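This report describes a single protein chain for readers at the bench. It proceeds from selected serine residues to the first helix, the nonpolar cores, the domains and the cysteines.

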Amino acid sequence: MRPLTDEETRSLFEKLAKYIGENIKILIDRPDGVYCFRLHRDRVFYISETNMKLACNIPRKDLLSFGTCFGKFSKNEKFKLHITALDYIAPYAKHKVWLKPNAEQQFLYGHNVMKTGLARISENTLKYQGVVVYSMNDVPLGFGVAAKSAEETRTADPLSAIVFHQADIGEYIRNEEHLA
């Protein structure tokens, strides 16, 4: 477990900024203590400083996980956000999409969001902006990238993709062995 390098931090914050913008500061400067990001086996973990000090007492080879896994760095140093970060991203999301009840299951199976399944979209959503996908009951289901802006969505074909799927809560079941 080690602190992130400047390049790794930049890559992580760029990815988070797609979804929560300048609200990244809220994740680090919390009233309930100091939180930080740490790298362990190509995975980035979000953990309180007090828990991190406790985790330092465990040998690295025996340490599997600590804190919340936010994502993973690929071999070519690209950062991929995991679904385990959804609980921290959803409250601060700048752009949101709500699905109709009949489209929720398709999204949870890993499919893109089509216009026919779209109930609402945030007014200021831009094309290729990170969005958090919600059910009509305001339950966060996952996140993705807007395939069309809010303006383009109004005139889009009913079968066109509105949100490209990136991660959903169904991954807890489909890929549980990889989410450690």
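## Three serine residues

Ser-149 is located in the loop that runs between strand S11 (140–146) and helix H6 (150–154). Helices (H or I, at least four residues) and strands (E, at least two) are DSSP runs, numbered from the N terminus. The model is a predicted one, in which local features need pLDDT of at least 70 and side-chain atom pairs count only at pLDDT 80 or more, while totals for chains, interfaces and linings use all residues. Residues are numbered from 1 along each chain as its sequence is written, and side-chain values use heavy atoms, with hydrogens and water left out.

Two further serines are set beside Ser-149 in the table. Buried means under 20% relative accessible area, exposed over 50%, and partly exposed in between (1.4 Å probe, protein chains only).

| Residue | Place | Relative accessibility and class |
|---|---|---|
| Ser-149 | loop between S11 and H6 | 13%, buried |
| Ser-65 | loop between H3 (49–55) and S5 (68–73) | 37%, partly exposed |
| Ser-11 | helix H1 | 16%, buried |

Contact is defined as heavy atoms within 4.5 Å. When residues up to four places away in sequence are not counted, Ser-149 touches Thr-125, Leu-126 and Lys-127. On the same basis, Ser-11 touches Phe-73, Glu-77 and Phe-79. Ser-65 lies 35 Å from Ile-121, C-alpha to C-alpha, and the two are 56 residues apart in sequence.

## Helix H1

Helix H1 comprises 15 residues and reaches 20 Å from its first C-alpha to its last, close to the 21 Å expected at 1.5 Å a residue. The expected span is 1.5 Å times one less than the number of residues in the helix. Ser-11 is one of the buried residues of H1, together with Glu-8, Leu-12, Leu-16, Tyr-19 and Ile-20. Viewed down the axis of H1, the buried residues fall within an arc of 150°, so they line one face of the helix. This arc is that of the directions from the helix axis to the C-beta atoms. Just after H1, Gly-21 adopts a positive phi of about 60°.

## Nonpolar cores and domains

A nonpolar core is a set of buried Ala, Val, Leu, Ile, Met, Phe, Trp, Tyr and Cys residues joined through side-chain atoms within 4.5 Å. The largest such core contains 28 residues, and those with the most contacts inside it are Leu-16, Phe-37, Val-44, Leu-81 and Ile-89. Helix H1 (residues 6–20) gives the most to this core, contributing four residues. At least three residues of the core come from each of domain 1 (2–88) and domain 2 (95–175). Apart from this core lies another, of 15 residues, including Leu-99, Val-131, Leu-141 and Ala-150.

Ile-89 touches Leu-16, Tyr-19, Ile-20, Leu-81 and Val-132, residues up to four places away in sequence not being counted.

Domain bounds come from an automatic or database domain assignment. The centres of domain 1 and domain 2, taken over C-alpha atoms, are separated by 25 Å. Eight residues of domain 1 are in contact with 17 residues of domain 2.

## Cysteines

How many disulfides does a search of the whole structure find? The search finds zero, a disulfide being a pair of cysteine sulfur atoms within 2.5 Å. The sulfur of Cys-69 is 14 Å from the closest cysteine sulfur, in Cys-36, which is too far for a bond. Cys-36 is buried at a relative accessible area of 11%, and Cys-69 is buried at 5%.
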